[in-house]
Amino acid sequence: MQLVGRSVCRAAFAQLTTPCRSGNALVASTSRPSVSPLHSSHRSFSLSRAQGQNTAPADRTEYKDDEVIFKPMPAGEQQLAQVQTAEMNSPDVDDSFARLNYHQDSEIGVNEQINHEYSMSYQYHAMSNYFNRDNVGLPGFAAFFRSSSLEERNHAQQLMDFQATRGGRVKLAALAAPPSDYNHEEKGDALYAMELALALEKLNFKMLFQLHEVAEKHNDANFTDFVEEMLAEQAQGVKEVSDYVAQLRRVGKGLGVYQFDAKMAERATTMGA
Ligand SMILES: [Fe+2]
């Protein structure tokens, strides 16, 4: 809301008996018709000075009750009617109180991305448990994939929070069971698992780009902002795992992996994982 102040609070919410943020009690404007604006024919949201000035005054206190004319305009009336008729806990998505300019394609895309983040989390959890086996014994890799799993779970939570903020509905879908073994005859387990992680991170990067296209298509600046933050973090994630793949290709499968695991354990300790 661009116009913030006692007058706006009074005008926009005069029909409600709740206080403004400023703590001032709401008082109905004396210029409004005696009939409630919610049910009167004078419905048009129009906040303006009685003298026709458009600029907000530096001193809000110079407003007087009869200086603000409040008439819900047709567009505002339509929005207001939607809020008024929305039912608490309604299963109908259109009854969201908060939803505005949030396209169904965006809502579906967010739910798909939630599933992908959860799938990655599930996959990394399986990898962590593989490296934690007594006959594998690579605690550094186990810690790395455990923290990676939590990170992806956190991304899913961020998406769920965004969905809720925009008035969408979170719909969780089934997750595919990941493999439990990651040994590879030629590459060894550490390189194989890290290459798999790189493939997943790049796939996730690609999906976020697609999500950004959906946000742009529907001209949803709030959504594009949100996805761009995730893209920036994802780019860093792809680079980090790429570095690990390159390094693991250098060290070989035996002693090199054992020493690399010690570095991963140090990393986990530093990051508090
Ligand atoms: Fe993620």
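Two residues are in contact here if their C-beta atoms, placed from the backbone, lie within 7 Å. Keep that in mind for the views below, which come from a predicted model.

**View 1. The whole chain, as a starting point.** Let's get our bearings. The chain has 7 helices and 2 strands. Starting at the N terminus, the order of elements is α-β-β-α-α-α-α-α-α. Of its 273 residues, 26% count as buried. Now take the contacts between residues at least 6 apart in sequence: 68% of those join residues at least 24 apart.

**View 2. Helix 6 meets helix 7.** Two packed helices are described by the angle between their axes and the distance between the axes. For helix 6 (residues 221-251) and helix 7 (residues 255-270), the angle is about 145 degrees and the axes are 8 Å apart. Which residues of helix 6 meet helix 7? They are Gln 247, Leu 248 and Val 251, and their partners in helix 7 are Gly 256, Val 257 and Phe 260. Sort the residues of this contact by type and you get 4 nonpolar, 2 polar and no charged.

**View 3. Helix 4 passes helix 7.** Here helix 7 packs with another partner, helix 4 (residues 139-165), at an angle of about 45 degrees and with the axes 7 Å apart. The two helices are therefore oblique to each other. Is the crossing of helix 4 with helix 7 left-handed or right-handed? It's left-handed. On the helix 4 side, the residues that meet helix 7 are Pro 139, Gly 140, Phe 141, Ala 143, Phe 144 and Ser 147. Across from them, helix 7 brings in Asp 261, Ala 262, Lys 263, Met 264, Ala 265, Arg 267 and Ala 268. By type, the residues of this contact divide into 8 nonpolar, 2 polar and 3 charged.

**View 4. Inside the largest nonpolar core.** This core has 22 residues, and the ones touching the most other members are Met 127, Phe 131, Phe 141, Phe 145, Ala 190 and Met 194. Which elements give two or more residues to the core? They are helix 3 (104-131), helix 4, helix 5 (189-217), helix 6 and helix 7. Phe 141 is worth finding again, as it is also one of the helix 4 residues that meet helix 7.

**View 5. Met 194 and a separate core.** Zoom in on Met 194. Leaving out residues up to four places away in sequence, Met 194 touches Val 241, Tyr 244, Val 245 and Leu 248. Apart from the largest core lies another one, of 14 residues, including Ile 114, Tyr 118, Leu 211 and Val 214.

Conventions:
Residues numbered from 1 in each chain as written. Predicted model: local features only at pLDDT ≥ 70, side-chain atom pairs only at ≥ 80, totals over all residues. Axes fitted to C-alpha atoms, helices over the stretch in contact; angles between N-to-C directions. Nonpolar A, V, L, I, M, F, W, Y, C, P; charged D, E, K, R; others polar. Parallel < 35°, antiparallel > 145°, perpendicular 65-115°, else oblique. Left-handed = near helix turned anticlockwise from the far one by under 90°. Core = buried A, V, L, I, M, F, W, Y, C linked by C-beta atoms within 7 Å. Buried ≥ 20, exposed ≤ 12 C-beta atoms within 10 Å, placed from the backbone.
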